Amino acid sequence: MRFAAGLLVPIVVGVVGVVGIAGIASPAHAELPPITSRDYAIDLYDGVAIGDSTMIGMGGAGAADVIGTAGVLINPSAIAVRPTTDHDTWSLDYHFDYVTGQYSSDYDNNGVASSGGAELVTAGFGGRYHDWALALTFTAQTTPEGDGGGGGDAPAALTASVARARLALAKWIPDWDLAIGGGFQTATFQVKPTDNNVFSALSTNHSLFSISGTGVIAGATWLPHLESFRLAAAIDGPIDGGQVKTSTCDPADCMGHILPDRVREPWRLVAGGAYRIAPTAWNQQVVGPFRDEPALTVAADVVVTGATADGFGLEAFGMNELQRSGRHTAVSVRGGVDYELMPGRMRLRAGSYWEPERFEDVSGRLHGTFGIDLRVLEFHLWGPRRGRLSFTGDVASQYRNLAFAIGFWH
């Protein structure tokens, strides 16, 4: 696999190049108008790579490559795609990832430099019985909003939280070499005092106000037998949440903030593919509990995100200002590689993606990503298992994102 290492070198060099320009400041943004009424919506949009460590490390590409509960974050059919070493009638899967962007000075690329950024926790649990599979995933994200104490005209120091849950039912269709899946997702936007942390986003306790909404999700993955490529597509329907829930303040004057009338999460369409270079064909069940062989996997996704009617940015809301967000459809191209350098012990990743512009007068930015998986422990739990520790980074201009994850070694 010397050729694989040769392919990985220029990608790593590219990541280093992005790291080199990561300190370049974004252009100063024009003064923003103040919020004077509740006639606006918060645009719940993430232009950066959000998901498990594998997907982030490969430049955000994972629709066709990432399987199990982690894959459900981008493609509901992923839970029905068996690992190539899974021969059992039933199986379980889980993931847990912690991501911090607190070292970013412009986390959401709105052109306004500030200290700190979002923290995110994602977790999931799922299982398969014969050709049917079910998964439930959670994502909790917090962002500091406002720097005042709530006195006078200053906005109170608050933390905005977005909690998402996805429930996916999927089925494997052997005759077509196809996995299909669908389900629902919910999103809850709430604002709390700043002494709450990322884990509190899953609870409405002590919330000043919250707004929730629900949408549909669907996806499919094609794995032609004895081939080494996979294709996938997924769609998330839009979420339009209204009916502000608050019992502690007036929505027109909530600790110095004028609350939004709605929150909207735009629709998202993902199409992707992956190709694996290894001694054996990718799409086949292999003998033994683990598939230890040198392998290079290349993946690429195109992510299209819809516009948001009357949408405005979350960070500006925290400062009682309106910054137009989501006026146009956004397109992101993502790609990366995964190289199993030490079979059964170590994997290396690198990638890059384009974060499209979402705010007016602020251009998009190029990201570089990298990651490593290390095998830890080996134990028996309904068969032999291996533990996995993962470390991942994502850097761009005024953006730093670090991730830590635990899970099974597949």
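Okay, let's start with one residue, Thr221: at 3% relative accessibility, Thr221 counts as buried. Bear in mind as we go that this is a predicted model.

So where does Thr221 sit? You'll find Thr221 in strand 7, which runs over residues 209–222. Its side chain has a polar partner: the side chain of Asn75, at 3.0 Å. Leaving aside residues up to four places away in sequence, Thr221 touches Ala63, Asn75, Ser77, Val81, Asp177, Leu178, Ala179, Leu231 and Ala232. Asn75 turns up both in that set of neighbours and as the polar contact.

Now over to Trp172, which is in strand 5. Buried or exposed? Trp172 has a relative accessible area of 18%, and the cut-off for buried is under 20%, so Trp172 counts as buried. Again skipping residues up to four places away in sequence, Trp172 touches Ala80, Asp131, Asp177, Leu178, Ala179 and Leu223. You've just heard some of those names: Asp177, Leu178 and Ala179 are touched by Thr221 and by Trp172. Have a look at Ala80 too: Trp172 and Ala80 are 92 residues apart in sequence, yet their C-alpha atoms are 5.6 Å apart in space.

Let me zoom out for a second. The protein has 410 residues, and 55% of them count as buried. There are 4 helices and 18 strands. As for contacts between residues at least 6 apart in sequence, 68% of them join residues at least 24 apart.

Next up, aromatic rings. A pair of aromatic rings is described by the distance of the centres and the angle of the planes. How many aromatic pairs are there? The count comes to 4, and I'll show you two of them.

One is Tyr40 with Phe312. Their ring centres are 6.3 Å apart and the planes are at 85°, so this pair is edge-to-face. Tyr40 lies in the loop between helix 1 (2–21) and strand 1 (41–43), while Phe312 lies in strand 13 (residues 311–312), so the pair ties together parts that are 272 residues apart in sequence. Tyr40 and Phe312 are both buried.

The other is Phe189 with Phe317. That pair is edge-to-face as well, with 6.3 Å centre to centre and 70° between the planes. Phe189 comes from strand 6 (residues 178–193) and Phe317 from helix 4 (residues 314–318), so here the parts tied together are 128 residues apart in sequence. Phe189 is buried, and Phe317 is too.

Right, on to the empty space. Rolling a probe the size of a water molecule over the atoms shows where empty space is left. For this structure we get 3 cavities of 30 Å³ or more.

The largest cavity has a volume of about 650 Å³. It's lined by 30 residues, and those nearest its centre are Asp65, Ile67, Trp282, Arg347 and His410. Helix 3 (68–72), strand 2, strand 14 (330–342) and strand 15 (346–355) are the elements that give two or more residues to that lining. What classes of residue line the largest cavity? There are 13 charged, 9 nonpolar and 8 polar residues.

Then there's the second largest cavity, at about 480 Å³. Of the 27 residues lining the second largest cavity, Asp46, Ile50, Leu73, Glu265 and Arg268 are closest to its centre. At least two lining residues come from each of strand 4 (132–149), strand 5 (156–173), strand 12 (296–305) and strand 14. Which strand gives the most? That's strand 14, with 4 residues. By class, the lining of the second largest cavity has 13 nonpolar, 7 polar and 7 charged residues.

Last stop is a pocket. The second largest pocket holds about 460 Å³ of space. Its lining is made of 26 residues, with Pro83, Thr85, Asp86, Ser91 and Arg385 nearest the centre. Strand 2 (90–100), strand 3 (119–129) and strand 17 (384–396) each put in at least two lining residues. The class split for the second largest pocket is 11 nonpolar, 8 polar and 7 charged. If you're keeping track of strand 2, it lines this pocket and also the largest cavity.

That's my tour, thanks.

Notes:
Residues are numbered from 1 along each chain as its sequence is written. This is a predicted model: local features need pLDDT of at least 70, side-chain atom pairs count only at pLDDT 80 or more; totals for chains, interfaces and linings use all residues. Side-chain values use heavy atoms; hydrogens and water are left out. On a 1 Å grid over the protein atoms alone, a cavity is a set of points where a 1.4 Å probe fits but cannot get out, and a pocket is an open set with protein on both sides within 12 Å along at least five of seven lines; lining residues have an atom within 4 Å of a point. Grid points are joined across faces, edges and corners, and a volume is the space filled by probe spheres set on the points. Ala, Val, Leu, Ile, Met, Phe, Trp, Tyr, Cys and Pro count as nonpolar, Asp, Glu, Lys and Arg as charged, and the others, Gly among them, as polar. Buried means under 20% relative accessible area, exposed over 50%, partly exposed in between (1.4 Å probe, protein chains only). A polar contact is a pair of N or O atoms within 3.5 Å; within protein, one must be able to donate a hydrogen and the other to accept it, and residues adjacent in sequence count only if both atoms are side-chain atoms. Contact means heavy atoms within 4.5 Å. Rings of Phe, Tyr and Trp (its six-membered ring) pair if their centres lie within 6.5 Å; planes under 30 degrees apart count as stacked, over 60 as edge-to-face and the rest as tilted.
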